[in-house]
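Student: Please take a close look at any closed-off space inside this protein. Tell me what surrounds it, then work outward to the backbone and cysteine details.

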Amino acid sequence: MRSPQSTVPVLLGLLTCATAPLSCGCSGAPAPSAPASSSPAPRPPDAIDITEPPSPEGSLHKVIDLRVTAADLWHLQGGAILLESDRDLFALIQGDSVQALPEMGRGLPPEDGTDDRGSVQMITGRWPDSVWLVWRDYDTSSAADNLWYERLFRHRGDRWERIHETKHDQSSNTLYRGLWEQQGCLVGLLADDRNENNAWQAQAEALDCARRPSPTLSFKAAKQTEYGIAAALGFASGHVAVLEQHTKMKEGEPKPPRLVLSRPGPPNRTEVVLPLPPEIAHGTRSFKLLDCKLLGEGPSELYLVGNYDLGALTIPLLLRFDGTSFAPLPSSPVSYIGDADLAEDGSLALLGSPPKDTPEARSVWVLPRGGAWRERAMPTDRQVGEPYRPWSIAARSNDDVWVVGYHENKERKNRRLALFHSRRPAPAGHGVGAAVP
């Protein structure tokens, strides 16, 4: 176990600026604005040569090499983005600047006295005053089958404070299926993880109110026991949207998923059935929903993003909901949607597996509001000779897209990660300036 003091020099080496003088400074908190240096930042002795061949028009640009084997981007309210790799790396992206936060892992396992085998599952909220993190771990003591359980942390200035823990005993094993702010409180939708058909057991709960009264919660669980939760999204208004799927489907008898809406007031629910794609409806194929997300700023403009899994075949799920009915979006440019984000300007960004006729393609895709899909190609790594593979995405507008990409060999070893941006970093002497305070 590393002490907090020993983490600082380690973290400083986890970010290597790909282009100077883009600000990728290191500090425990955002620093005041300062003039950009005209010389490159020092590079570790083992730094990768990041000189890249010219990129095609519209492609992404490398910003930083990441000295970790896994990392995710978390788009917070207000436009800030956190780059995270469990306890090993936190960095703040504001504007075009990237700033390492080497002290931000304080308070996470094992510092809180618990096992450190888990990982970050979600970061949500608004930087810097209300940021929450979900840590998932094994229950090795009270659950017979070593099932998952989760702990909720809130960032308090210089460390994470644990504020809630899901139930994990012989009777139930709940996880957070959605988190949202409502009337100054953090509210969560929790459901049992032991069975797929968990929608009837789901419940909303106020988790962090900071001495405020708990808000009235409108969510009402399903009566049927054969449905499970595929995704959930709540809003400050008190509206809650939940995507539910049938878990007892038989071959030849497909049951369409349904979007469940709960409106402010006493517990209530309205169910709207999703239209099935022709491959399922005409072929009467059974399926499961995988990697689904609900994205949107309100219940009258929701995006349903994910995948229908038919076994040997997957079909993208891509719909827009206007509060009363569904409308299809332009066909997905990828055969499997792995990650997606909704930008502040209404643009939808996604990444995933490329279509089968172009198996070597490595791109992310952006759909401006009312427009057509625009490709953002991942740049080619000159050492490997092929484009990076996109892994995690966060978008603030159709021309402000951040992506974590990676390379690994055929044995899935020697993984290398980097951070990319849709805007070309400024050349030396014309930098974007220091991190935004």
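Tutor: Searching the whole structure for cavities of 30 Å³ or more turns up one. The model is a predicted one. The largest cavity holds about 40 Å³ of space.

Start with the walls. Three lining residues come from the N-terminal numbering: Thr-69, Ala-70 and Ala-71. The others are Trp-391, Val-404, Gly-405, Tyr-406, Arg-415 and Leu-417. Which element gives the most to this lining? Strand β29, residues 400-407, does, with three residues. Val-404, Gly-405 and Tyr-406 fall within that range. By class, the lining has six nonpolar residues, two polar and one charged. Arg-415 is the charged residue, because Arg counts as charged. Thr-69 and Gly-405 are the polar pair, since Gly is classed as polar here and Thr is too.

Now the setting. The protein chain has 437 residues, and 50% of them are buried. Its secondary structure comes to two helices and 30 strands. Take the contacts with a separation of 6 or more: residues 24 or more positions apart account for 52% of them. The accessible surface is about 19700 Å². Carbon and sulfur atoms own 49% of that surface.

Arg-376 shows such a long-range link. This residue lies in strand β25, residues 374-377. Is Arg-376 buried or exposed? Its relative accessible area is 9%, under the 20% cut-off, so Arg-376 is buried. Gly-58 is 318 residues away along the chain, yet the two C-alpha atoms are separated by 5.6 Å. Contacts of Arg-376, beyond four places in sequence, include Gly-58, Ser-59 and Leu-60. Ser-363, Val-364 and Val-366 are also among them. So are Asn-398, Asp-399 and Ser-422.

Next, the cysteines. A disulfide is a covalent bond between the sulfur atoms of two cysteines. How many disulfides does the chain have? The count comes to one. Cys-185 and Cys-209 form the disulfide, with sulfur atoms 2.2 Å apart. That distance is within the 2.5 Å cut-off, so the pair qualifies. The link is right-handed, with 120° about the S-S bond. Cys-185 lies in strand β12, residues 185-192, and Cys-209 in the loop between β13 (203-208) and β14 (227-234), so the bond ties together parts 24 residues apart in sequence. Both Cys-185 and Cys-209 are buried. Cys-292 has a relative accessible area of 13%, so Cys-292 is buried as well.

Stay with β13 for a moment. Ala-206 sits in this strand. Its relative accessibility is 23%, between the 20% and 50% cut-offs, so Ala-206 counts as partly exposed. Ala-206 and Cys-185 are 21 residues apart along the chain, and their C-alpha atoms are separated by 6.6 Å. Setting aside residues up to four places away in sequence, Ala-206 touches Leu-186 and Val-187. Ser-214, Pro-215 and Leu-217 are touched too.

The loop between β13 and β14 also has backbone features. Ala-210 is found there. This residue is not a glycine, yet has a positive phi of about 50°. At 45% relative accessibility, Ala-210 counts as partly exposed. Arg-211 lies in that loop too. Arg-211 also has a positive phi, about 70°, and is not a glycine. What is the exposure class of Arg-211? With 90% relative accessibility, over the 50% cut-off, Arg-211 counts as exposed, because the cut-off is passed.

Last, the cis peptides. One runs from Pro-109 to Pro-110, with omega near 5°. Pro-110 is in the loop between β6 (97-100) and β7 (119-126). Another cis peptide bond joins Trp-127 and Pro-128, where omega is about 0°. Pro-128 lies in the loop between β7 and β8 (130-138).

Methods: Residues are numbered from 1 along each chain as its sequence is written. This is a predicted model: local features need pLDDT of at least 70, side-chain atom pairs count only at pLDDT 80 or more; totals for chains, interfaces and linings use all residues. Side-chain values use heavy atoms; hydrogens and water are left out. Helices (H or I, at least four residues) and strands (E, at least two) are DSSP runs, numbered from the N terminus. Buried means under 20% relative accessible area, exposed over 50%, partly exposed in between (1.4 Å probe, protein chains only). On a 1 Å grid over the protein atoms alone, a cavity is a set of points where a 1.4 Å probe fits but cannot get out, and a pocket is an open set with protein on both sides within 12 Å along at least five of seven lines; lining residues have an atom within 4 Å of a point. Grid points are joined across faces, edges and corners, and a volume is the space filled by probe spheres set on the points. Contact means heavy atoms within 4.5 Å. Accessible areas come from the Shrake-Rupley method with a 1.4 Å probe; for residues, only the protein chains shown count as cover.
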